[in-house]
Amino acid sequence: MNDNVGQRPAMPDADEATASRFDQLYDAICEVVPDDGEAAEPELARVMKEARSGSREGERTSEITDLERAKTKTEALRRKRALVEEAEQIAVMSIQWKAGSDRLRAILDEYKSVRGVDRRADADLWMRFSKARQLYNRRRGDYLAGLGDMRTAAKRRKEEIVAEAEALSESLEWRAAARRYLELVGEWQAAGRAPKGDDDELWRRFVAAQERFVARRSELSSTRAVELAENAAKKDELLREAERIDPIQDLSVAQAQLSRILEQWDQIGSVPRERVQELETRLDAVEEKVRLVAERGAAPKYS
Amino acid sequence: MTASAGDTGDDVSEARDQEFTELYRRERTRLRRYAAMMSPHLDWEAAVHDAFVDVYRRWDEIHTSRRAWLNKAVYSRLVDQGRRCERPEDISDEFLGLWKTTRHIHVQRLRDPEEWQELQETFGAIHLLPDQRRCALVLRFLGSDDDEIALVLGVDRATVRRYVSDALRQVTELVGNPERRLRARRQRRRPWQNPKTGGGEE
């Protein structure tokens with residue numbers, strides 16, 4: 001029925017072997033797609049029915065559909081472009097490797113879910129996304145490769161810090177040592193991470209040195225406070241004795257008593273800071289009383 | 001007057017249906033073979049069906065050869081189908097690699113095993129060709145002339161001849177006579193004939 005397919009075609013310019021292959025191919029294709037004359041009629045009816053049913057309605061709705069399609073396409077393109085730009089930023093900037101990897105995976109899932117972008121733009125965006133992922137993976141790989149060296153250097157630095165902290169724990173220069181401890185904590189943080197087991201052990205030693213220093217200072221402070229209070233009590237006792245001196249009765253005895261008291265006063269040593277003023281004022285008053293009598297050669301007139 | 005206009009419209013429609021039916025009966029089998037050879041791994045039957053539906057709807061807009069228009073419509077649909085399959089989000093790279101290497105023509109294996117093997121090799125060689133060269137070769141094989149292939153591919157006749165010639169040479173290199181394959185390789189190595197390959201004069 002069909003003169004179009006009745007004759008065996010031939011390939012000009014093909015050598016014998018290739019021509020033979022093409023003959024086989026023609027037989028095979030005739031076997032797969034036979035010239036089924038009558039069987040084509042139902043298919044023809046279906047084609048015409050579909051063509052007629054869609055022709056007018058299709059024309060009416062085509063403009064609306066085109067608009068909607070264009071809008072969807074633009075939105076999908078915008079979304080994909082935003083995702084790719086974010087991926088490129090992560091690839092260049094991020095050093096939070098875990099978070100960066102998680103975000104790139106999430107971007108990939110979302111990228112796959114956005115559809116409707118035309119093929120050329122999609123291929124370009126995919127290429128950019130793919131390059132961003134490669135760049136990120138390369139940077140991450142480089143970082144991980146250099147991590148061993150960085151940790152060894154960090155361990156060395158932290159050992160130095162711990163050695164200094166342990167030496168400082170014996171220091172008597174309280175203020176300077178406390179300031180240096182603060183600086184050492186900053187240097188510790190800047191040194192980065194040593195291998196995990198070593199890092200924990202070094203930190204434990206550092207903290208122990210600090211605690212030893214603080215404990216020594218506290219202990220010494222409490223001992224000193226008791227000593228100062230005792231001194232204050234002794235000076236109180238001396239003052240009571242000094243205030244009983246009466247230079248009017250016998251100036252020379254009074255002066256001798258005051259000299260002895262002053263000598264003992266100096267030997268006692270320091271008192272708590274808050275009592276210094278009070279005690280010194282009382283002593284000054286006694287000295288003044290004796291000095292005035294000595295200067296005038298007579299008893300002062302009391303009102 | 002109205003009745004007369006309606007009658008004229010019906011006559012035109014009837015004439016169009018008649019012409020379309022003739023076209024369908026004449027071209028259906030050849031078009032199906034063309035589509036099956038072009039892309040057996042895709043839904044080539046749907047491509048042919050859609051092309052006929054489309055040609056009916058655009059009947060009055062087609063001013064060139066309708067047969068060429070049909071060929072072009074089928075070609076475009078097959079290329080679209082192929083690209084949809086290759087989109088990165090649709091399938092994995094592994095599947096794509098597998099899919100690209102497993103194009104077979106599904107003929108019955110009630111034949112000589114050697115012949116079956118040769119058939120698959122020939123088919124595989126054709127499918128290694130780029131889309132346009134494959135289309136030109138298959139259309140030529142099924143009897144289309146240079147003008148028609150030029151219309152389908154949107155190129156000039158000289159380009160069509162080059163496409164067919166290149167495609168045939170590539171297929172021959174893979175499945176043709178071994179001596180000819182050797183000659184073809186030697187010829188390709190001559191720098192004055194193919195400067196892209198480089199190298200000095202022999």
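In chain A, the helices α7 (251-268) and α8 (273-296) each supply at least two residues of a negative surface patch, a feature read here from a model that is predicted. The members of this patch are A:Glu263, A:Asp266, A:Glu280, A:Asp284 and A:Glu287, and it is α8(A) that gives the most, with three residues. Among the members, A:Glu287 is found in helix α8 of chain A, where the relative accessible area of its residue comes to 30%, so that A:Glu287 counts as partly exposed.

Another acidic residue of chain A, A:Glu230, has its place in helix α6. With a relative accessible area of 46%, A:Glu230 is partly exposed. Its C-alpha atom lies 9.5 Å from that of A:Pro272, although A:Glu230 and A:Pro272 stand 42 residues apart in sequence.

From the patch the reader may turn to charges that are paired. Side chains of opposite charge can pair when their charged atoms come close. Over all chains, the count of salt bridges comes to 48, and several of those in chain A can be followed along helix α4.

One of them joins A:Glu160 to A:Arg157, with 2.9 Å between the closest N and O atoms. Both residues belong to helix α4 (residues 119-168) of chain A, and because they are three residues apart there, about one helical turn separates them. Neither partner is buried: A:Glu160 is partly exposed, with a relative accessible area of 46%, and A:Arg157 is likewise classed as partly exposed, at 30% relative accessibility.

What does the salt bridge between A:Glu164 and A:Arg180 tie together? The side chains of these two residues meet at 2.5 Å, N to O. Because A:Glu164 lies in helix α4 of chain A while A:Arg180 lies in helix α5 (residues 174-190) of chain A, the pair ties together parts that are 16 residues apart in sequence. The glutamate of this pair, A:Glu164, has a relative accessible area of 30% and is therefore partly exposed.

A further salt bridge brings together the side chains of A:Glu166 and A:Arg205, with an N to O distance of 3.2 Å. Here A:Glu166 belongs to helix α4 of chain A and A:Arg205 to helix α6 (residues 196-243) of chain A, so the pair ties together parts that are 39 residues apart in sequence. A:Glu166 counts as partly exposed at 27% relative accessibility, and A:Arg205 is partly exposed too, with a relative accessible area of 29%. Salt bridges that share partners also join A:Arg157, A:Glu160, A:Glu164, A:Arg180, A:Glu183 and A:Glu187 into one network.

Chain B can be described through its overall figures. Its secondary structure comes to nine helices and zero strands, so that, by the assignment used, the elements run α-α-α-α-α-α-α-α-α from the N terminus on. Of the 202 residues in chain B, 45% are buried. Among contacts in chain B with a separation of 6 or more, 59% are accounted for by residues 24 or more positions apart. The surface that chain B exposes is about 11,100 Å², and carbon and sulfur atoms supply 46% of that area.

Key:
Residues are numbered from 1 along each chain as its sequence is written. Chains are lettered from A and ligands numbered from 1 in the order in which they are written. This is a predicted model: local features need pLDDT of at least 70, side-chain atom pairs count only at pLDDT 80 or more; totals for chains, interfaces and linings use all residues. Side-chain values use heavy atoms; hydrogens and water are left out. Helices (H or I, at least four residues) and strands (E, at least two) are DSSP runs, numbered from the N terminus. Buried means under 20% relative accessible area, exposed over 50%, partly exposed in between (1.4 Å probe, protein chains only). Contact means heavy atoms within 4.5 Å. Accessible areas come from the Shrake-Rupley method with a 1.4 Å probe; for residues, only the protein chains shown count as cover. A salt bridge is a side-chain nitrogen of Lys or Arg within 4 Å of a carboxyl oxygen of Asp or Glu. Patches are made of residues with over 30% relative accessible area and no salt bridge: like charges are joined within 9 Å, nonpolar side chains (Val, Leu, Ile, Met, Phe, Trp, Tyr) within 5 Å. Lys and Arg count as positive and Asp and Glu as negative; His and the chain ends are not counted. The place of a charge is taken as NZ of Lys, CZ of Arg, CG of Asp or CD of Glu.
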